[in-house]
Amino acid sequence: MTLFESAVRPVLFRVGGGDAEKAHEFTLARLARLPGPVRAAMRARYTVDAPVEAFGVRFPNPVGLAAGMDKNGRALPAWPALGFGFVEVGTVTAHAQPGNDKPRLFRLRDSEAIINRMGFNNAGAAALAARLDELGPIGVPLGISLGKSKVTPLEEAVDDYLTSHKLLHPHADYIAVNVSSPNTPGLRTLQDKTAIADLLTALVGPKPVLVKIAPDLTEPAIAELLEVCLSHGAAGVIATNTTLARDGLAAADVSRAGEPGGLSGRPLTEKARKVVHFVHTETGGRLPIIGVGGVMCADDAARLFDAGAALVQLYSGFIYRGPALVRAAASVRRAVSSGPSAYPGSAAAL
Ligand SMILES: Cc1cc2nc3c(=O)[nH]c(=O)nc-3n(C[C@H](O)[C@H](O)[C@H](O)COP(=O)(O)O)c2cc1C
């Protein structure tokens, strides 16, 4: 057991009487206020040098922070200090919005899982642009995840994404098009062929655009979406978002299964790996993949790399395992990224 698991996690899990969102806010606020020398000391402890290049971007290591953890970029300088090789902020929307009613975030401890129905609570694209202006480069690549505002009808989704894109693309090393959150009504229908084609036509431009997909799509639906990604210039795929399924819960957590929202963490590990493998096989490696979902230990990361991921991201694993997981996952550089690349879509080690 690491120091985080034995000493830090029990404290954080008690913050706010065990309310997961209060613990999240508490942690983010403290990370945002870390003094420079403390960040430098953390960086010395946690940095892993395992450079890799994917979709034309150079990453100091292949393990990133997944979208949703730091939606408004509040604690941005802290993440590279914790060892992350890249950070995805957002999901942000064109309009600032409060998200769903609370409570909307639940830890399922025995299952090492989380259920969330946050609903894209965020300060809006303009506020993130101002924050990034003020901050300047953070020293590692920055992905910016865009979603649709709740008030915007689905038929006007393209304009909504475009508004955010115009404000934010100058700050981004890549743009993630989030069409897979289960918590915005109708959003996942944007994964349909015509909708994603329209979105990509509007957004593909100066910065690489990656599409984030749901783990609940059927293989034929993923195959159809991949065709559009390939024909419309997407730079890659992020697989996967949270799942609506409730398989793999520990007995103690089954009573929570009825909470609406997306499930992440350990119950998602195998599902996400299968989607990554399918995307890699189906595209012959032509679309670089950011693998995300249930990476709870270094071996899970290794298996995602083996399945074809060029990069991986952490969310739930970081909540349960802390920064030691970033280091461990970044240290398992795999064959797919360590030799001359067999496929143009694979990551190339530097
Ligand atoms: C509380 C919470 C909020 C999230 N918010 C977002 C989001 O805004 N945009 C997004 O693309 N994914 C979001 N996600 C999904 C994660 O980025 C990730 O795809 C998913 O949790 C699976 O990874 P994990 O098993 O490592 O958590 C969120 C996940 C959680 C737990």
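Four secondary-structure elements, β4 (86–92), β6 (113–116), β11 (262–265) and α11 (316–321), each contribute at least two residues to the shell around the ligand. The model is a predicted one. The ligand is surrounded by 28 residues, of which A66, G68, S264, Y315 and S316 come nearest. Sorted by class, this shell comprises eleven nonpolar, 15 polar and two charged residues.

Strands β6 and β11, which supply shell residues, also belong to an open sheet of three strands in the order β5-β6-β11, with antiparallel pairing. The edge strands of this sheet are β5 (105–108) and β11, each of which pairs on one side only. From one strand to the next, the twist averages 20°. The antiparallel pairing of β5 with β6 extends over four bridges. F106 has I115, in β6, as its bridge partner.

Helix α5 spans residues 125–135, and its buried residues are A125, L128, A129 and L132. Viewed down the axis of α5, these buried residues fall within an arc of 100° and therefore line one face of the helix. D133 and E134 are exposed on the other side of α5. The packing partners of the buried residues of α5 are β4 and α6 (157–168); β4 is also one of the elements that supply at least two residues of the ligand shell. Just after α5, G136 adopts a positive phi of about 75°.

Methods: Residues are numbered from 1 along each chain as its sequence is written. This is a predicted model: local features need pLDDT of at least 70, side-chain atom pairs count only at pLDDT 80 or more; totals for chains, interfaces and linings use all residues. A residue is near a molecule or strand if its C-beta atom, placed from the backbone, lies within 6 Å of it. Ala, Val, Leu, Ile, Met, Phe, Trp, Tyr, Cys and Pro count as nonpolar, Asp, Glu, Lys and Arg as charged, and the others, Gly among them, as polar. A residue is buried if 20 or more other C-beta atoms lie within 10 Å of its own, exposed if 12 or fewer, and partly exposed in between; C-beta atoms are placed from the backbone. The arc is that of the directions from the helix axis to the C-beta atoms. Two residues are in contact if their C-beta atoms, placed from the backbone, lie within 7 Å. Two strands pair if DSSP finds at least two bridges between them. Axes are lines fitted to C-alpha atoms, for helices over the stretch in contact, and angles run from 0 to 180 degrees between N-to-C directions.
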